[in-house]
Amino acid sequence: MSVDVVLVVVGGAVLAIGMVSASLQRMWLSAPLVAAAAGVLLGPELLDVLRPGSLGPEMRVLEELARITLSVSLVASGLQMTRADLSTNAVRAGWLLTVGMVGMWAVTSLGAHLVLGLDPWVALLVGAILTPTDPVVASSLVEGRLPSANLPRWLRRSLQLEAGANDGLAVGFVIAPLLVLTWPDDDGAAIAAEVGQQVGVAVLAGLAVGALTARAVDVLDEHEEASTGFFLVSAIAMALLVLGLTHLLGGSGVLASFVAGVTFSLVVGEERAEELEEVQSGMERLMIVPVFLLFGALLPWDAWTALGWSGLAFAAWTVVLRRPGPAALALSRTRTPRAGVAFLSWYGPLGVAAIYYVALVHREGLAQYEEIFAACTLAIAASLVVHTLTATPGVMRYAGRGITETLRHPFRGSSDGWSP
């Protein structure tokens, strides 16, 4: 596949999707869904412009693209968190990141075992890959004019806080069954130590890099030693720095990125963080297109066909059962309003995080990998479609009669019909 062809496709897709982003929301679509659909259209099954090998070197490209995109996105999510956001959502996030995550892992793994007939440890690996909610897709659901005008800040930040944290914490859920499958002679203590190292190093590195970067920016700004351009790109540089450094130290760079973004925001202050957030969000929008384009081009249609009805049943199981029950159970321990419980229990989309983890597992050369890849990509694709198409109706239903009319009707060019 020619590099020039890739550049033309990616550049054209970024421009096209960017120019129609407002229209996409009016039609209940999202940039990730449209990019994935473009990948399918341009892939080997249809126009054959993009010709990635099914499970070849392109999987490593997908892994790295997803890893960097996640880092940039998680720093952007972290920059949006203020002290008030953390205080308001701490208890809610705590329950979602414990009871909620364990529940989602258990429910999805059970489905992989019962519906697909996978061995227990392989099923646990599939469940782990599909556990994290995605900050990229989640942001597309709660940002924009309609969500910003009609969803309370605590609800939007709660979803982003959970998605940001559980993407990194999911590394422990993925590593545990993966090490059991690839380190058959090692005991539980060694596996626990590896998981602890990944999480512990990530938290420490994220705190250190976020705080030191924020302090450096403050000092340079105070002495007028840095240009405005440097200040605006410092958050992107921090994302790349913490991602690479944490990986070299043996930790999860994904988790470290979110910790660094939150730490930076708390140290540097809300006004500065908001300036950086705009640049970071723009970079995030630029990077999600290549990830979902490649994802769409790599979708294993033949393997999906081989799964048959069991594959469709597992995708439905994942979309319908993975999130609502565990999230509702977790939120029942909090003072979340009933409407908020319903919204948060449904909107836990899969996306870049799951793509990253399923690509990461490819390295290990598991005999069952083709089935793992087929099952996970089918669930991700189903979630991307369902959660995108239900996002705008969900916002409208949450707002009820008090909805603020901020979008025209997608087909008639007016606001008629937007009130639920």
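Begin by selecting L41, L46, L47 and V49, which together make a nonpolar surface patch of about 360 Å². The model on display is a predicted one. Within the patch, L41 belongs to helix α3. L41 is partly exposed, since its relative accessible area is 42% and the partly exposed class runs between 20% and 50%.

**Helix α3 and its partner**

Next, select residues 31-42, the whole of helix α3. At 1.5 Å a residue, its twelve residues should span 16 Å, and the C-alpha atoms at its ends are indeed 16 Å apart, so the two values agree. Colour P32, L33, A35, A36, G39, V40 and L42 to see the buried residues of α3.

What does G296 touch beyond its neighbours within four places in sequence? Its contacts there are A36, G39 and V40. G296 itself is found in helix α13, which covers residues 270-298. With a relative accessible area of 2%, G296 is buried. A distance drawn between the C-alpha atoms of G296 and G43 reads 7.3 Å, although 253 residues separate the two along the chain.

**The whole chain**

Zoom out to the full protein chain, which has 19 helices and zero strands. Of its 420 residues, 53% count as buried. Among the contacts with a separation of 6 or more, 83% come from residues 24 or more positions apart. The chain exposes about 17,400 Å², and carbon and sulfur atoms supply 63% of that area.

**Helix α5**

Now select residues 83-114, helix α5. Where is α5 kinked? The kink, of about 55 degrees, is centred on A90. The 32 residues of α5 should span 46 Å at 1.5 Å a residue; the end C-alpha atoms are 43 Å apart, which agrees.

Stay on helix α5 and pick T108. Is T108 buried or exposed? Its relative accessibility is 0%, so T108 counts as buried. Leaving out residues up to four places away in sequence, T108 touches G127, L130, F314, W317, T318 and R322.

**Salt bridges**

Side chains of opposite charge can pair when their charged atoms come close. The structure holds seven salt bridges. Select R60 and E63, one such pair, whose closest N and O atoms are 3.7 Å apart. Both residues lie in helix α4 (residues 58-79), three residues apart, about one turn of the helix. R60 counts as partly exposed at 45% relative accessibility, whereas E63 is buried, with a relative accessible area of 1%.

Add R363 to the selection: its side chain meets that of E63 in a salt bridge, 2.4 Å from N to O. E63 lies in helix α4 and R363 in the loop between α18 (352-361) and α19 (369-399), so the pair ties together parts that are 300 residues apart in sequence. R363 is partly exposed, with a relative accessible area of 42%.

Then move to E162 and R323, a salt bridge with its closest N and O atoms 2.6 Å apart. This pair links distant parts of the chain, 161 residues apart: E162 is in helix α9 (residues 153-182), and R323 is in the loop between α15 (309-321) and α16 (324-331). E162 and R323 are both buried.

To finish, select R60, E63, E64, R67 and R363 together, which salt bridges with shared partners join into one network.

Definitions and conventions:
Residues numbered from 1 in each chain as written. Predicted model: local features only at pLDDT ≥ 70, side-chain atom pairs only at ≥ 80, totals over all residues. Heavy atoms only, no water. Helix = DSSP H or I, 4+ residues; strand = E, 2+ residues; numbered from the N terminus. Expected span 1.5 Å × (residues − 1). Buried < 20%, exposed > 50% of the residue type's maximum accessible area, 1.4 Å probe, protein only. Contact = heavy atoms within 4.5 Å. Patch = residues over 30% accessible without salt bridge, like charges linked within 9 Å, V, L, I, M, F, W, Y side chains within 5 Å. Areas by Shrake-Rupley, 256 points an atom, 1.4 Å probe, with all protein chains shown as cover. Salt bridge = Lys/Arg side-chain N within 4 Å of Asp/Glu carboxyl O. Bend = angle between axes of the 7 residues up to and from the residue.
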